[in-house]
Amino acid sequence: MNQAPRSMLHALVPQGVGTPATESLLSYFCRLAVSHAVSTTDLAHFVVSQVQHDIREDFDWQQRNISGIGESAQSWAAWLSALTGVARLDLLTLTPWSGVLPHRGLAARRSHWCPQCFKDDQEAGRDPYFRLSWEVGPVEACHRHKVELVDTCPHCGKRHVRHNAGIVVPGWCTHCGGFLGAVDATPASPKQLWIARQVEDMIASQATLDTLPYAGSIPTTLNLLILGLDGGQSAKFAKRIGVAKSTAHGWLNHGNLPTLDAFLAMAAHSGLKLEQIVRGDISGWAPSQTDTQIALPFDLIPKQDRQPSRILDWDAIRQELDEMLKLPVPISVQEAGQRLGIDDRHLYLQANEQARALGARWLKYKASCRAANQDLVRNGLKAAMPALLDAGLPINLTSFRQVVPSDLLNSAEGTFELIKQVRRDVQASRV
Amino acid sequence: MTHNTLTAISSNPLANLRIRHNRLADLMADVDSLLDPEGDMLAIMGPTGVGKSVLGHYLVENALRASAEEMQADAGFMPAIRVEAVASGEGEFSWRLFFQNILEQLGEDLSMPRQMFDIDHETGRLLRTRRTSTNTLAGLRTAVERSLVARKVNFLVIDEAAHIFRQCSAKKLIIQLDTLKSLSNTSGVQLVLIGSYDLYDLLFLSGQLARRIQVMHFSRYRQDVDADIRAFRACVQQFQRAHQDLWGNGLMQHTEALMENTLGCVGTLKAVLKRAARFAAGRGGWSVDALQAALLTQTQREQILREILDGEQRITPGVTRELHSPRKNSPEKREAA
């Protein structure tokens, strides 16, 4: 019976994908640890050991922002996709916006939560989970429940108790074990609610993005906003947004990216949604005022013309991967990615089944090559035994180096163990 | 004898051959109809060598085949698994080993030490034990329960289940069964116990246990039942076809003798024929002598037969169900009136 290989980790269903209540990858990772009844530390070490990535095994996973926008988030989403068999775990991070949002100011400064969200989860019979929106810096409220996010346990009064521990069950204090939903939170201000709504809607939209937003569209979007709001005067626009003239100049002419706070300010002033501005989709937006005295060229081209990210036909790619599965000599996922010109992490995210099948086939092939090499070396050692015994040499690596060609001796792992086996066989035959 | 024939003999194609025969197919159909997440625990018992382990393998393979589409869509899904309740060699059954075996079958990596932590239903608080660097029994049990749920396992086949209950006092028997039942309840997985006739005695020492288990009898093929004789003959034919290069068509004429010697147990038949093939390889070719040398000795046969007859007698009340028609003017009816 030919079956797709079973995943190494449980294929938990990510919560809320495509909604404002999208789960964060941090939360998914913690729930995985609960599902396997292991500490988050042990699970992190396991993941690292499986992907054979070149990082220290004693690294602290909590130092990484695995739900953010950077390399860590992208890698961890791919690794967990590979190990769980669940595709598109990058949707639990902010990486879809990595082309248009800078790291600065993006990560939340506190580990906070909405107690009402946890309570709702419990009442709905699902495991409480952390929302991705809580990991975004400017967000301080929950739009759904109209309350401020809290960062203090209502039972023990401690902070940093959401996930900063080895044993983490999302929704429960890592210090005293109390339920973090057992508190009435302070009502949020209109500004906090507006910001939360904008970010939550942006997160909800990332599941249906046709193409990833790219930085090249930002200057065009900004020019339209500047024209519509401030008659084309970028200095005035910068003042409106609350940034220096030079900062706006950098956005328009040097390819610098506005911070999320700046994008939010633009959304507030223009009436557009945050996701529209960030995606560069503001067609149909009517400028609130026109200034006929100033005619600005619409064909302003930024000095650094950034190309949009490549649009990939994933159906065709999956078919190519299916063909690669039929190759007489198996190849690794990394090799497949190189042949297709695609980061192998994306293969795990977007073509998970094929990537995992390639990976399993490659591991099996490597294991059989290893075994074949070891047989060769073992036979070489056995063939060299009479020469050693005739010469009265001890059965060790130094002696074998004198009679066995080095390219054969070095062709397999575990030479010492093979020599021990040969020595044991000789001793057994003498008995 | 040619070299090619010797090569063919020495590779022994019977080694991994499994015969799907009538009794097995019928029992699998019955088990299939009783598989239900909220159903009773199933206990399948039969004589040594009848093919109980093969049944266990087939049950799981059937489940995998039936769920192929769902498994394709969900890489974590495992509809069924099979484990052996291994005799640890110690005085008591080792639940630790047992849970580790289950986790291995569930594809879990045992290098990660399992921890016991859960939400207390009464207080609503998170309860944890001190984190350990090795697997504790409580941690393993927690991991098994959660993994069975996460993998959406429908049923768990436990072969050699008698090992769980041996060397137990009557009181301990109930504890052992409660442990199994609790595992089944918390994980929503139906348990299918497979074992020899002594499993019946162990489980039915208590009426409390008896009513919580559905018993099924995997019986042998009997020489006094025509249908059984035909079915056994078909098994011999399958074995003959599997190694035709060795015994040609020379096996079928010995069907009656084989049925008598193996007591109608297909597992024992396979073991005898495997031995015969090895003897033939050692002696340079097939002969009736090779077959004869492979048969059970008289002593062996008599011992096994005694155990089978004893077992069949004990289990019959446990698997016999009668629906009596009410009699007219029965004493009970007159009393009610």
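In the largest nonpolar core of this predicted model, which has 97 residues, the members that touch the most others are A:L43, A:W76 and A:M266. Helix α1 of chain A, residues 25-35, supplies the largest share of this core, with 8 residues.

Allow me to take A:L43 as an example. Leaving aside residues up to four places away in sequence, A:L43 touches A:L9, A:F29, A:L32, A:A33 and A:V38, and also B:M112 of chain B. Apart from this core lies another, of 42 residues, which includes B:F93, B:L191, B:L199 and B:V215. In general, nonpolar side chains in soluble globular proteins tend to be buried together.

I turn now to two helix pairs in chain B.

The first pair I shall discuss is α6(B), residues 137-150, and α8(B), residues 170-187; their axes come within 8 Å and cross at roughly 40°. Angles from 35 to 65 degrees count as oblique, and α6(B) and α8(B) are therefore oblique to each other. Their crossing is right-handed. On the α6(B) side, the contact is made by B:R141, B:V144, B:E145, B:L148 and B:V149, and on the α8(B) side by B:T179, B:S182, B:L183, B:T186 and B:S187. By class, this contact comprises 4 nonpolar, 4 polar and 2 charged residues.

The other pair is α11(B), residues 226-242, and α13(B), residues 255-262, with axes that come within 10 Å and cross at roughly 105°. These two helices are therefore roughly perpendicular to each other. Here B:D228, B:I229, B:F232, B:R233 and B:V236 of α11(B) meet B:T255, B:L258, B:M259 and B:T262 of α13(B). This contact has 5 nonpolar, 2 polar and 2 charged residues.

How values were computed
Residues are numbered from 1 along each chain as its sequence is written. Chains are lettered from A and ligands numbered from 1 in the order in which they are written. This is a predicted model: local features need pLDDT of at least 70, side-chain atom pairs count only at pLDDT 80 or more; totals for chains, interfaces and linings use all residues. Side-chain values use heavy atoms; hydrogens and water are left out. A nonpolar core is a set of buried Ala, Val, Leu, Ile, Met, Phe, Trp, Tyr and Cys residues joined through side-chain atoms within 4.5 Å. Buried means under 20% relative accessible area, exposed over 50%, partly exposed in between (1.4 Å probe, protein chains only). Helices (H or I, at least four residues) and strands (E, at least two) are DSSP runs, numbered from the N terminus. Contact means heavy atoms within 4.5 Å. Axes are lines fitted to C-alpha atoms, for helices over the stretch in contact, and angles run from 0 to 180 degrees between N-to-C directions. Angles under 35 degrees count as roughly parallel, over 145 as roughly antiparallel, 65 to 115 as roughly perpendicular and the rest as oblique. A crossing is left-handed if the near helix is turned anticlockwise from the far one by less than a right angle, and right-handed if clockwise. Ala, Val, Leu, Ile, Met, Phe, Trp, Tyr, Cys and Pro count as nonpolar, Asp, Glu, Lys and Arg as charged, and the others, Gly among them, as polar.
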